[in-house]
Amino acid sequence: MKTVPILLNTVCGALVLVLAGCSGKADVAAPAGGASAAAAPSGGASSATPPVTITTVKAQSKDFPVVLKATGTVTPITSVDVKAQVTSVVAKVHIQEGQFVKAGELMFTLDSRTDEANLAKARAQLAKDNASLADAKRQFARSQELFRQSFISQGALDTAQAQVDALAATVAADQAAIDAAKVALSFDRIAAPNTGRAGQVPASTGTVVQANVTTLVTITQLDPISVGFSLPQRNLPNALAALKGGGAPVTAALGDGGGTFTGRLQFVDNAVDASSGSVKAKAEFANKEGKLWPGAFVEVSQTFNTLKGAVVVPQAAIIQGARGNIVYTVEEGKAVSKPIQLVYAQGTEAAVTGVNAGDAIVVDGKQNVRPGSRVVERARDAKPAASSPAATDAASQAAKSASADSANTPRPAAP
């Protein structure tokens, strides 16, 4: 009969374990339910829209220059291809390639023996005809005396007079022939037509040159020099006004740090190019150091006008939309959309209408802004702080510890 108390003790122990497990499950589930209930309010708070971080710039009121910028080409004012005017042989070359020459400086000498002989012949003919003229004058004087004494007729006297006149005309023709021979002889000495720099010299001593065909050298004027560029048709009235009073200042800049030069507008073409809608113009520059070289490209800029008291905003703040341009301003901590009209843009700034000087214009973050959005401004040069190595290591250790605690936490048994 002792087996009955032992069996009862075993059943009672099992019931105690079951009740303990049930009470443990209830204790574990309760905190989970409480945690989810506590998390609900925070989820509701996160639904509010946070303010947009932006940077702003104050709209300024200032004089805004209207500057035209274009790509120009350096062109010489004069560039002459020197050619021989007679067919001959080069006797001597007096210059070198790349040499600077002055107007009138001797550059080439051609074979002049034939022209010198022709000049001598013309002079000899003049001497002969002068002698004949002198004799005819003496004969005419005797004829006049004989006519007064009635020894010859009037017709004989007129014949002597005609002889004198004919020989006088012959002498004049001889003088003209001498002048022509001198001109032909001058063609054998080729001088510089203008001051400038000599280019390549293809001719050398002994080279046969043809009249008005063979180019001996090209002389290009470098100081002063001009820059040609094109003006938009809309700037034509300003350019014509700028020509008055000596021309408006024009700036030309060479690339790669070649320097900046200041000249004046000197020429505007008399017609607009229908294919491009532009008009050709030229400006003249002093070039004593020879830095502006013919054919080089330069960046040309010219101030045609100045907008007095214009409201200026950064171009980066302007948003182009289907209904026109707008900018966002900040009023009482909220973004306000304002339509604007672009008057003139230059560089990073633009003159506009539709906003007032002193308005806070949104620049950075404008893509995230909507009308009425709450905004918060940060400094334009503010940068997020970099995490230090110590902080990074601490965060890493904390993450590892949390992971280990999670792994070691006992999970409740399934019911």
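**Exercise 1. A salt bridge within helix α2**

Is D135 buried, partly exposed or exposed, and at what relative accessibility? Decide this for the predicted model shown above, and then describe how D135 is joined to R138.

*Solution.* Begin with the cut-offs, by which a residue is buried under 20% relative accessible area, exposed over 50%, and partly exposed in between. D135 has a relative accessibility of 35%, so D135 counts as partly exposed. Next take R138, whose relative accessibility is 46%, so R138 is likewise counted as partly exposed. The two residues form a salt bridge in which the closest N and O atoms are 3.5 Å apart. Finally, place the pair in the chain: both R138 and D135 belong to helix α2, which covers residues 113-148, and they stand three residues apart, about one turn of the helix.

**Exercise 2. Another pair in helix α2**

Work out how R148 and E145 are classed by accessibility, and state what joins their side chains.

*Solution.* The relative accessibility of R148 is 58%, and because this is over 50%, R148 counts as exposed. E145, at 35%, falls in between the two cut-offs and therefore counts as partly exposed. Their side chains meet in a salt bridge, with a distance of 2.2 Å from N to O. Both residues lie in helix α2, where three residues, about one turn of the helix, set them apart.

**Exercise 3. A salt bridge between distant parts of the chain**

Locate the two partners of the salt bridge between D359 and K338, and find the network to which they belong.

*Solution.* First, the closest N and O atoms of D359 and K338 are 3.7 Å apart. The pair links distant parts of the chain, since K338 sits in strand β19 (residues 334-346), while D359 is found in the loop between β20 (349-353) and β21 (360-362), and 21 residues separate them. Both D359 and K338 are buried. A network of salt bridges links these two residues with E331, and a search of the whole structure finds eight salt bridges.

**Exercise 4. Reading an open sheet**

Give the strand order of the four-stranded open sheet, and name its edge strands.

*Solution.* The order is β8-β7-β5-β10, with antiparallel pairing. Strands β8 (189-191) and β10 (208-209) are at the edges, as each of them pairs on one side only. Turning to β5 (residues 88-93), two bridges join this strand to β10, and S88 has V209 as its bridge partner in β10. As a setting for this sheet, the chain contains five helices and 22 strands, and buried residues account for 27% of its 415 residues.

Conventions:
Residues are numbered from 1 along each chain as its sequence is written. This is a predicted model: local features need pLDDT of at least 70, side-chain atom pairs count only at pLDDT 80 or more; totals for chains, interfaces and linings use all residues. Side-chain values use heavy atoms; hydrogens and water are left out. Buried means under 20% relative accessible area, exposed over 50%, partly exposed in between (1.4 Å probe, protein chains only). Two strands pair if DSSP finds at least two bridges between them. A salt bridge is a side-chain nitrogen of Lys or Arg within 4 Å of a carboxyl oxygen of Asp or Glu.
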